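Welcome! Take a moment to look over the sequence and turn the structure around before reading on.

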Amino acid sequence: MTTTEIRGTSGRRIAFCEYGDPTGRPVVVVHGSPGSRYEGLSLDNAAATAGLRLIVPDRPGFGRTDPHTDKGFHSWDDDYVTLIDHLELDSATLMGFSGGGGYALAVAAAVPERVSKLVLACAMIPGAPRDTLRRRIKLVSALYFAANWAPRMAGAMLAGTGVFSKLRSDSVSIWPAADQAVMTDESHRPALQLDSSEGIAQGGSAGVVDLARYRREMPGLFQSISVPTVFLHGTDDRNVPIEVARWAHSMIPHSRFEEVSRGGHLFVVADPTPLIRALT
């Protein structure tokens, strides 16, 4: 896919790719932790058929986008506004996936006039209560813990370096069956590997910062969400358990909640139909 690079007001480089229908309804995708602009590869055909224009930028410190001064989850706000200004869009639908959830929420709270709709797919939420995370895979919980208390170790885990070089290939069996099916499917593997390698192109530090931020709440966040909001979550997700989404949904009274029966964390790759429906 063609990568476009633009410059923000501070001169920082922001890289993004586009997928689907170039004349379709604009959707800005906030990738996971780690992740990259290639997270839209698996959605390209479905988006084109549905008349959606997916715009997927690298967040600060990922892929080819330069790091940003630490403003917490609001560290991506400026990039979002710069991006849609560059594309001459008044607003766009915003889709936050996994570790991109907190950043999507932050943008929707900061510039609601530039967000027409918010869709959170298997999204992690800042300050999720401990009891909503009880079903999370132990290795994932260990990674979040290390991000706060042993960041170098967490960075090595994310980047797969040193003693963690075989971590991803050796840990497939701990994932739910739905996710294992995606991870071992040869038709999905090239896109997943490309996204994974580009997500750590600058090292694992940006991903570690992401994970560490989720430990803390964002005071007033939910009360600041005024745009139409949809939570879309797989029932079998054990990276971000569905209880997280149910809790967040209860905190945003006007939001809508949809569960994907037997869907794992990667249900949007296995079958993007529920996501496309929520976006349209």
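In which helix does Ala46 lie? Ala46 is part of helix H1, which covers residues 44–50. Keep in mind that this is a predicted model. Below, we start with Ala46, then visit the sheet and finish with pairs of helices.

**Ala46 and its surroundings**

- Is Ala46 buried, partly exposed or exposed? Its relative accessibility is 22%, so Ala46 counts as partly exposed; the buried class is for values under 20%.
- Leaving aside residues up to four places away in sequence, Ala46 touches Pro272 and Ile276.
- Try finding Asp271 as well: 225 residues separate Ala46 and Asp271 in sequence, yet their C-alpha atoms are 9.4 Å apart in space.

**The sheet**

- Strands of a sheet pair through backbone hydrogen bonds, and they can do this in a parallel or an antiparallel way.
- Here, eight strands make up an open sheet with mixed pairing, and their order is E1-E2-E4-E3-E5-E6-E7-E8.
- Which strands stand at the edges? They are E1 (4–7) and E8 (256–260); each has a single partner strand, so one side of each has no neighbour in the sheet.
- On average, neighbouring strands of this sheet are turned by 25° against each other, ignoring direction.
- Strand E1 pairs with strand E2 (residues 13–20) in the antiparallel sense, over four bridges. One residue to look for is Thr4, whose bridge partner in E2 is Phe16.
- Helix H10 (residues 242–251) packs on the sheet, where it touches strand E7 (229–234) and strand E8. The direction of H10 makes about 165° with that of E8.

**Helix H4 against helix H5**

- Helix H4 (residues 138–149) and helix H5 (residues 151–159) pack with their axes 6 Å apart, at an angle of about 135°. That angle is why H4 counts as oblique to H5.
- From H4, the contact is made by Leu139, Leu143, Ala146, Ala147 and Trp149; from H5, it is made by Pro151, Ala154, Met157 and Leu158.
- How many residues of this contact of H4 with H5 are nonpolar, polar and charged? There are nine nonpolar residues, no polar ones and no charged ones.

**Helix H5 against helix H9**

- Helix H5 also meets helix H9 (residues 205–213): their axes come within 8 Å and cross at roughly 120°. This crossing of H5 and H9 is right-handed.
- On the H5 side you will find Pro151, Ala154, Gly155 and Leu158, which meet Gly207, Val208 and Leu211 in H9.
- Sorted by class, the contact of H5 with H9 has five nonpolar residues, two polar residues and no charged residues.

Terms used:
Residues are numbered from 1 along each chain as its sequence is written. This is a predicted model: local features need pLDDT of at least 70, side-chain atom pairs count only at pLDDT 80 or more; totals for chains, interfaces and linings use all residues. Side-chain values use heavy atoms; hydrogens and water are left out. Helices (H or I, at least four residues) and strands (E, at least two) are DSSP runs, numbered from the N terminus. Buried means under 20% relative accessible area, exposed over 50%, partly exposed in between (1.4 Å probe, protein chains only). Contact means heavy atoms within 4.5 Å. Axes are lines fitted to C-alpha atoms, for helices over the stretch in contact, and angles run from 0 to 180 degrees between N-to-C directions. Angles under 35 degrees count as roughly parallel, over 145 as roughly antiparallel, 65 to 115 as roughly perpendicular and the rest as oblique. Ala, Val, Leu, Ile, Met, Phe, Trp, Tyr, Cys and Pro count as nonpolar, Asp, Glu, Lys and Arg as charged, and the others, Gly among them, as polar. Two strands pair if DSSP finds at least two bridges between them. A crossing is left-handed if the near helix is turned anticlockwise from the far one by less than a right angle, and right-handed if clockwise.
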